Amino acid sequence: MKIIFFCNQFANKNSLLSNKNMDIIVNKTNPLKGQITIPADKSITHRAFMFSALTKGKMKVSNYSKGADCLSTLQIIKHLGCNVEYIDDNNLIIDSTNAIKAPDINLNCGNSGTTVRLISGILASQNFNSKLFGDESLSKRPMKRIITPLELMGAKFKHNDYKLPLEIFGSELHGIDYVSHLASAQVKSCILLAGLNAQGVTSFTEPFKSRNHTELMFQYLGANINIEKNMVTVKKSQLNPVDITVCGDISSAAFFIVAALIVPDSEILIKNVGINPTRSGIIDILKSMNADIELINERTVSNEKVADILVKYSNLKCTSIQGEIIPRLIDEIPILALAATQAEGTTVIKDAQDLRNKEADRISAVKTELNKLGANIEETSDGLIIHGKTSLYGNSEINCYHDHRIAMSAFTAGLICKKPIKINQFQWVNISFPEFLDLFHRINYM
Ligand code: S3P
């Protein structure tokens with residue numbers, strides 16, 4: 001694998017923060033071999049940072065995500081009165097003794113949907129007003145999904161067509177029984193966070209189970225929470241400061257898992273990956289596609305299930321992905337689509353219309369960019385139809401639509417293209433995974 005950087009710099013958060021373009025060229029690779037440790041889970045880091053701000057104490061967070069999205073959350077809780085002490089590269093202590101207090105500036109959520117949606121649930125019940133804004137992509141994303149239920153709880157907002165910027169007028173909230181038509185962990189977490197500081201009981205019911213990191217961390221920090229199938233109930237509670245170690249991100253591991261499955265003769269060990277069942281739909285689907293994947297050394301870290309994952313190159317078969325499994329692999333659909341281009345037969349993905357509301361319209365982006373490389377993919381209103389197995393030719397220029405997961409999926413595709421591909425603005429990788437290129441170099445067997 002040979003990667004050329006047009007701006008002559010390596011991926012790091014500064015390339016994004018300074019807005020420098022980083023266009024890269026990816027060439028076909030030799031087999032991938034060796035072992036890597038996956039950096040911290042983005043969803044769990046957001047929650048560890050935000051929930052620590054509610055503990056009125058000191059809480060250590062170890063192995064947190066260094067992605068730009070989580071740094072947006074960290075910055076916001078500092079503006080809300082948390083004092084952050086950096087112990088070393090991997091450990092910090094959040095002191096929320098004087099939090100949460102009125103911020104002296106408007107709060108910048110950057111590119112992060114999780115930041116805006118979760119922090120709104122906290123801010124809606126405070127005795128001060130606040131204003132949230134974000135980057136161009138976040139400013140186009142729908143916020144009605146959180147504004148409607150929060151208003152039912154008594155929250156007050158000012159916005160233009162349910163988009164950012166969002167002014168929040170702190171109000172006294174009361175509990176509701178909310179039945180959501182979306183299986184969304186961001187909406188669920190927002191309402192549960194509001195419920196922690198609302199009068200009475202708040203319940204949230206979803207059609208399918210979305211990721212449950214909020215519920216697990218609420219339990220870990222001592223909240224009054226009850227879980228019954230797809231319904232979660234909370235009562236007003238004070239969270240306790242309990243140190244948290246964040247496990248590796250299965251959504252980041254996904255690119256390495258699929259890379260090893262599609263690059264002939266590869267075999268890699270991916271260490272410290274969170275395998276929470278509400279996140280591990282990708283493993284179930286790939287196994288149903290005949291993937292040689294083994295979970296070893298299963299353990300529990302800060303209430304989350306973790307394992308090391310051994311992956312070997314496999315002859316993949318087509319599958320169908322729909323219904324209850326969609327929220328369990330929602331962020332992995334772009335990279336699963338790439339896997340499906342290398343599987344015998346036609347893979348159908350349905351019920352994934354919310355993919356059009358992510359950092360980019362991922363249904364359209366995946367179809368357009370993978371087809372440029374030689375894939376045979378059709379777009380439907382709520383998913384994709386992928387005809388395999390196609391050999392990818394490459395020799396194209398890829399747009400990543402300011403979307404980190406499209407950028408990393410395109411990179412993974414480039415590893416098996418006959419001709420080099422150029423990926424424009426690859427710096428978007430820093431949103432969730434600034435260590436991405438560094439780790440790929442470690443398993444690059446030349
Ligand atoms: C997330 C939930 C998912 C996911 C996002 C992170 C979270 O979004 O796509 O990347 O941390 O709660 P939805 O809840 O909107 O599906």
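Which residue in β14 is the bridge partner of Asn226? Keep that question in mind while we walk through the chain, and remember along the way that this is a predicted model.

Let us start with the broad layout. The domain assignment splits the chain into domain 1, made of residues 2-40 + 249-442, and domain 2, made of residues 42-245. If you look at the C-alpha centres of domain 1 and domain 2, they lie 28 Å apart. The two domains also touch: 31 residues of domain 1 are in contact with 32 residues of domain 2.

Now find the sheet that holds our opening residue. Four strands form this open sheet, and their order is β11-β12-β14-β13, with mixed pairing. At its edges you will see β11 (177-179) and β13 (225-228), each of which pairs on one side only. On average, neighbouring strands here are turned by 15° against each other, direction ignored. As a bit of background, strands of a sheet pair through backbone hydrogen bonds, in either a parallel or an antiparallel way.

Follow β13 into β14 and you can settle the opening question. The strands β13 and β14 run antiparallel and are joined by four bridges. Within this pairing, the bridge partner of Asn226 is Thr233 in β14. The two strands form a hairpin with two residues between them, and Lys229 in the turn has a positive phi of about 50°.

Strand β14 has another partner as well. Strand β12 (residues 201-205) pairs with β14 (residues 231-235) in the antiparallel sense over five bridges. One example to pick out is Phe204, whose bridge partner in β14 is Val232. Helix α6 (residues 185-196) packs on this sheet, where it touches β12 and β14, and its direction makes about 25° with that of β14.

A second open sheet is worth a visit. It also has four strands, in the order β3-β16-β18-β17, and the pairing is mixed. The edge strands are β3 (33-37) and β17 (292-301), each pairing on one side only. Neighbouring strands of this sheet are turned by 15° against each other on average, direction ignored. Look between the edges for strand β16 (residues 267-274) and strand β18 (residues 304-312), which run antiparallel and are joined by six bridges. Here Glu267 has Lys312 of β18 as its bridge partner.

Next come the helices. Helix α8 (residues 250-262) and helix α12 (residues 404-414) pack at an angle of about 15°, and their axes are 10 Å apart. Because of that angle, α8 is roughly parallel to α12. The crossing of α8 past α12 is right-handed. On the α8 side the contact is made by Ser251, Phe255, Ala259 and Ile262, and on the α12 side by Arg405, Met408, Ser409 and Thr412. Sorted by class, the residues of this contact are four nonpolar, three polar and one charged.

Finally, turn to helix α10 (residues 333-341) and helix α11 (residues 362-373), whose axes come within 10 Å and cross at roughly 35°. Here too the crossing is right-handed, as α10 passes α11. Which residues meet in this pair? Pro334, Ala337, Leu338 and Thr341 of α10 meet Arg362, Val366 and Leu370 of α11. The contact of α10 with α11 has five nonpolar, one polar and one charged residues.

Definitions and conventions: Residues are numbered from 1 along each chain as its sequence is written. This is a predicted model: local features need pLDDT of at least 70, side-chain atom pairs count only at pLDDT 80 or more; totals for chains, interfaces and linings use all residues. Side-chain values use heavy atoms; hydrogens and water are left out. Axes are lines fitted to C-alpha atoms, for helices over the stretch in contact, and angles run from 0 to 180 degrees between N-to-C directions. Angles under 35 degrees count as roughly parallel, over 145 as roughly antiparallel, 65 to 115 as roughly perpendicular and the rest as oblique. A crossing is left-handed if the near helix is turned anticlockwise from the far one by less than a right angle, and right-handed if clockwise. Contact means heavy atoms within 4.5 Å. Ala, Val, Leu, Ile, Met, Phe, Trp, Tyr, Cys and Pro count as nonpolar, Asp, Glu, Lys and Arg as charged, and the others, Gly among them, as polar. Two strands pair if DSSP finds at least two bridges between them. Domain bounds come from an automatic or database domain assignment.
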